[in-house]
Amino acid sequence: MSIPAVGGVHAVATRKAMLRLLPILCLAYLMSYVDRTNIALAKTHLQADAGISVAAFGLGAGLFFVTYALLEVPSNLVMYRVGPRPWIARIALTWGAVTSLMMFIHDDVTFYIGRIALGAAEAGLYPAMMFMVTRWFAQKDRATAIGFIYLAPTVGLFLGSPLGGALMELDDLGGFHGWQWLFLAEGVMTMVIGMVVLAFLPQRPADAKWLTAEEAAALSDQADRGAETGGGQALRGNLGAAFGRPFILLIGFIYFLNQITINGVTFNVPSIVESLDVSGPFLIGLLSGVTGIGGTIGVLVIPAVFRRVPRESLTIGVLAVAPGVIAAVFLAVASPVVRIALIGVMSVLTLGTLPVFWSVAMARMSGVLAAAGLAFINTVGLTGGFVGPYLFGLAESRSGDPASGFSVVIIASFIGGLLAVPLRWALRREDLQTAGRAPTTIERDPEVPL
């Protein structure tokens, strides 16, 4: 078979996978974001109906992330053994069941138990999807594929609150509170999606009935090219390769800083918008949706640009620093319209850079080490979900202005930009070591000649 023919077959197969595989993954990821919005919508009602205090609510909300983060790596290692399809389905089924059972919350303790169980059930979903990307897509297509997956949370930002609000309107129907209907309905929807995953998500290209044998072989071959050797290694005795390589640690920490910005801004956008003399819950919610609009643009545009100009460390460095520049401009201007627009632009950059992170990491991982390493990076990033809102809260408590948290963005962005310099060195070192072990066709950073 000639090289052009292989390229043509692979291009057709990739388009099929984009259209048939990614929508199923997006459905599961979408529900994970929709489910996360329900706890915020139910906050005041849980206080009134179940006697859950503000302090208890804050603790319970955080407990979700504790088990979620701790079980990321173990979950992905099990996924590697049993396969992505049954494991992603298991995750959706169990987290859907736990969500539905939360309708029976009646005090602080049951609320804590529900949140701990929910974090444990959902752990591993995202890194499992990233692992599937490594098995299905060539390195040059991975940023685009991940960008499409990230459409799920941006759409979730649009749909989650209106859907939850509609379910809350069912208050007193059948003797249940609106928040009980919220948990029940969204849990059942998640379990249905789990069954869809089990029925229709193929494990690997060879299992896809909608691919010809030639197309499946082309996908598998191109996905395997450029990955480091050692896909068959056991994790035991190779913990350093899975968790301790410099580029993994650096990407993880830059991702952590990125998550400080994303979560700090996202959790405070409504209060920032309200501080701009915007009144009315609907209008505040509508304008707060600028983060979803910006995120959608980012995950579609930035991976496309990166595919054409694949300068890894430079791209990550620029995208790390740019939100800090925007935050500084935000603090310097007074126009509400300009400030809201700047929040949208910041979302373009912070969310749009995520597919680049994962694409750069995937280029240098394979097998069980990829399953562990991707989960480890996600775990490090998740801690930014704790830190960001907390630092924003501290800044606001001292100044009284919710927008003062943008000083946190400036600091995090500056540190992230600095880390792009050692990241360039770490990627060069990793590629040199890989080239010394085996021939490879990794698309290396053009900044870093070998």
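1. Two residues are said to be in contact when they have heavy atoms within 4.5 Å of each other. With that in mind, and bearing in mind that this is a predicted model, Gln 259 touches Gly 264, Leu 354, Gly 381, Gly 384 and Gly 385 once its neighbours within four places in sequence are set aside.

2. Gln 259 itself belongs to helix H14, which covers residues 246-266. Its relative accessible area is 12%, and because buried means a value under 20%, Gln 259 counts as buried.

3. For the protein as a whole, the count is 22 helices and zero strands. Of its 450 residues, 55% are buried, while the area that the protein exposes comes to about 18,400 Å², with 70% of that supplied by carbon and sulfur atoms. If one takes the contacts between residues at least 6 apart in sequence, 82% of them join residues at least 24 apart.

4. A pair of helices deserves a separate look, namely H5 (residues 72-82) and H6 (residues 84-101), whose axes come within 7 Å and cross at roughly 135°. Angles of 65 to 115 degrees count as roughly perpendicular and those over 145 as roughly antiparallel, and H5 and H6 are therefore described as oblique to each other.

5. Where these two helices meet, H5 contributes Ser 75, Val 78, Met 79 and Val 82, and H6 contributes Pro 84, Pro 86, Trp 87, Arg 90 and Ile 91. Sorted by character, the residues of this contact between H5 and H6 comprise seven nonpolar, one polar and one charged.

Key: Residues are numbered from 1 along each chain as its sequence is written. This is a predicted model: local features need pLDDT of at least 70, side-chain atom pairs count only at pLDDT 80 or more; totals for chains, interfaces and linings use all residues. Side-chain values use heavy atoms; hydrogens and water are left out. Helices (H or I, at least four residues) and strands (E, at least two) are DSSP runs, numbered from the N terminus. Buried means under 20% relative accessible area, exposed over 50%, partly exposed in between (1.4 Å probe, protein chains only). Accessible areas come from the Shrake-Rupley method with a 1.4 Å probe; for residues, only the protein chains shown count as cover. Axes are lines fitted to C-alpha atoms, for helices over the stretch in contact, and angles run from 0 to 180 degrees between N-to-C directions. Angles under 35 degrees count as roughly parallel, over 145 as roughly antiparallel, 65 to 115 as roughly perpendicular and the rest as oblique. Ala, Val, Leu, Ile, Met, Phe, Trp, Tyr, Cys and Pro count as nonpolar, Asp, Glu, Lys and Arg as charged, and the others, Gly among them, as polar.
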